[in-house]
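Student: Could we take a close look at one part of this model? I'd like to follow a single element and its neighbours.

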Amino acid sequence: MLVLTGAGVSAESGVPTFRGGGGTSVWKGMPFYVISSAEMLERDLKEVWAWFDYRREIIEKLVPNAAHIALAGWHDRFDDFTLVTQNIDGLHARAGSRNVIELHGNIRRARCMHCSTRYELGEQDEKERPPACLECGGALRPDVVLFGEMLPAGAFETAAAKAQSCELCFVVGTSALVYPAAALPEIARSSGAYVVEVNPERTPLSDLCDEVIQGRAGEVLPMFDKDSINESKI
Ligand code: APR
């Protein structure tokens, strides 16, 4: 079983989504895809840090919701369970999920732009922006995937292999607009899996799904347990 999640799974915790609900997330007049871009990293690293410091401050005050908690329980209930997320908020792990494949990185980590050493934020001078690498003195950047950048090595390949072999794939709280993440349910479907979408709104993926549940993840996911999932699949 493979589950792919997006910003919508954290919406009920209070994490602002990027799209959906007709709006687009904007920072100091810049749409998120401008401030969260490789081009902005080149041009103004300090501003990129300011954006992610702002997002982290929001996230650190929040707690996992019923959807995160339900998915954490699925690890023990379903054989060969894989949780893949586009979220950088770390809320799945805080809810108890293990081995989460974080396709877009994690907002609590930083990485040296020179020697690629990774840090949990807090391991170096909190105030300094950009923080300096303790290994080589290079500038650190948020360890997240920005628009125009490649995903962390191996993360997508591991997830795609799981999508190819899974029998059941849930897609929860994503607008399914950003690739390669949005390709995972397509891979699962074309490999014969039963695909279920959970989202209050239809997405470009909905027509491809075997089941579309238009609802909020925190209300829908807790309703599923092993038996109800098996029944719905037969
Ligand atoms: N439960 C389920 N889905 C929800 C909920 C909810 N309570 N609230 C909103 N949604 C849905 C919206 O309808 C929308 O389709 O979640 C989706 C959120 O879409 P986006 O904001 O586009 O987030 P996501 O799909 O994760 O974006 C992908 O784009 O911005 C980049 O790197 C960023 O990882 C992100 C990627």
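Student: Let's pick strand 1: which residue of strand 9 is the bridge partner of Thr 5?

Tutor: Happy to. The bridge partner of Thr 5 in strand 9 is Val 172. Before we build on that, please keep in mind that this is a predicted model, in which local features need pLDDT of at least 70, side-chain atom pairs count only at pLDDT 80 or more, and totals for chains, interfaces and linings use all residues. Residues are numbered from 1 along each chain as its sequence is written, and side-chain values use heavy atoms, with hydrogens and water left out.

Strand 1 covers residues 2-5; strands here are DSSP runs of E with at least two residues, numbered from the N terminus, while helices are runs of H or I with at least four. In a regular strand the side chains alternate between the two faces of the sheet. On one side of strand 1 sit Leu 2 and Leu 4, on the other Val 3 and Thr 5, and all of them are buried (under 20% relative accessible area, with exposed meaning over 50% and partly exposed in between; 1.4 Å probe, protein chains only). Both faces of this strand are therefore covered.

Now for the neighbours, where two strands pair if DSSP finds at least two bridges between them. Strand 1 pairs with strand 9 (residues 168-172) in the parallel sense, over 4 bridges. Its pairing with strand 4 (residues 82-85) is also parallel and has 4 bridges; there, Thr 5 has Thr 85 as its bridge partner.

Stepping outward, strand 9 is joined to strand 10 (residues 194-198) by 5 bridges, and these two run parallel. Phe 170 has Val 196 of strand 10 as its bridge partner.

Put together, 6 strands make an open sheet with parallel pairing, in the order 5-4-1-9-10-11. The edges belong to strand 5 (101-102) and strand 11 (211-213); each has a single partner strand, so one side of each lacks a neighbour in the sheet.

One more element deserves a glance: helix 7 spans residues 155-165, and its buried residues include Ala 155, Phe 156, Ala 159, Ala 160 and Ala 163. They lie on the same side of helix 7 because they cover an arc of only 120° around the axis, the arc being that of the directions from the helix axis to the C-beta atoms. Glu 157 and Gln 164 are exposed, on the face of helix 7 turned away from its buried side.
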